[in-house]
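Please open the model in a viewer and keep the sequence panel at hand. The stops below proceed by selection, each followed by what is to be found there.

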Amino acid sequence: MNKLTLLIPAHKEAESLPVFLKELEEYKFDKLVVLQKEDIETINSISDLKDIKIFFKKNNGYGNALKEGIDSIKTEFFCIINADG
């Protein structure tokens, strides 16, 4: 089991998020992207990528994305990084 989760809050990042995630493919830690269900363009842009977990937040805003994402993490450690790198 991995000890680290990379938490990536994102909103309308259909262009930059797939590029960013592809650069992380070689690393074997968990990658959790926090999105709104309505952000269909971003969801579709990363749907073909492997080893990416998507968490759909319930409330709006960056702070809620962090709080809800952190609450869902199961690893011992986490690191927050924005989708634009």
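Select P9 and V34 in this predicted model: P9 stands opposite V34, a residue of strand 2. Extend the selection to strand 1 (4-9) and strand 2 (residues 30-35). These two strands run parallel and are joined by five bridges. Add helix 1 (residues 16-23), and a right-handed β-α-β unit made of strand 1, helix 1 and strand 2 is in view.

Next, move to the other pairing of strand 2, the one with strand 3 (53-56). Here the pairing is again in the parallel sense, over four bridges. Two positions serve as markers: L32 stands opposite K53, and V33 stands opposite I54. To follow the chain between the two strands, select helix 2 (residues 40-46), through which the chain crosses from strand 2 to strand 3. This β-α-β crossover is right-handed.

Now display the whole sheet. In which order do the four strands of the open sheet lie? The order is 3-2-1-4, with parallel pairing. Strand 3 and strand 4 (77-80) are the edge strands, each pairing on one side only. From one strand to the next, the twist averages 25°.

Return to strand 2 and show its side chains. How many of its six residues are buried? Six of the six are, and the strand is mostly covered. D30, L32 and V34 point one way from the strand, whereas K31, V33 and L35 point the other way.

Keep D30 selected and add K53. Their side chains meet in a salt bridge, with 3.7 Å from N to O. The pair links distant parts of the chain, D30 in strand 2 and K53 in strand 3, 23 residues apart. D30 has a relative accessible area of 19% and therefore counts as buried, the cut-off being under 20%.

The salt bridges come to three in total. For another of them, select K3 and E76, whose side chains meet at 4.0 Å, N to O. This pair also links distant parts of the chain: K3 belongs to the segment before strand 1 and E76 to the loop between helix 3 and strand 4, with their positions 73 residues apart in the numbering. Is K3 buried or exposed? K3 is exposed, and so is E76.

Proceed to helix 3 (residues 62-72), which lies across strand 1, strand 2, strand 3 and strand 4. The helix runs at about 155° to strand 1. Select K67 and D71 in it; they form a salt bridge, the closest N and O atoms being 3.3 Å apart. Why are these two separated by about one helical turn? They are four residues apart in helix 3, so about one turn lies between them. An α-helix has 3.6 residues a turn, so residues three or four places apart point the same way. K67 and D71 are both exposed.

Then colour the buried residues of the same helix: A65, L66, E68 and G69. What covers them? The cover includes strand 1, strand 2, strand 3 and strand 4.

Among these buried residues, centre the view on E68, which lies in helix 3. E68 is buried yet has no salt bridge. The nearest side chain of opposite charge is that of K58, 5.6 Å away, whereas a salt bridge requires the nitrogen to be within 4 Å of the carboxyl oxygen. Leaving aside residues up to four places away in sequence, E68 touches F55, K57, K58 and N59.

The last of these contacts leads to the final stop. Select N59, in the loop between strand 3 and helix 3. With the same exclusion of sequence neighbours, N59 touches N64 and E68. Is N59 buried, exposed or partly exposed? At 43% relative accessibility, N59 counts as partly exposed, because the class lies between under 20% for buried and over 50% for exposed. To finish, set a distance from N59 to S47, C-alpha to C-alpha: the two are 12 residues apart in sequence and 22 Å apart in space.

Definitions and conventions
Residues are numbered from 1 along each chain as its sequence is written. This is a predicted model: local features need pLDDT of at least 70, side-chain atom pairs count only at pLDDT 80 or more; totals for chains, interfaces and linings use all residues. Side-chain values use heavy atoms; hydrogens and water are left out. Two strands pair if DSSP finds at least two bridges between them. Axes are lines fitted to C-alpha atoms, for helices over the stretch in contact, and angles run from 0 to 180 degrees between N-to-C directions. Contact means heavy atoms within 4.5 Å. Buried means under 20% relative accessible area, exposed over 50%, partly exposed in between (1.4 Å probe, protein chains only). A crossover is right-handed if, with the strands pointing away from the viewer, the path from the first strand over the helix to the second runs clockwise. Lys and Arg count as positive and Asp and Glu as negative; His and the chain ends are not counted.
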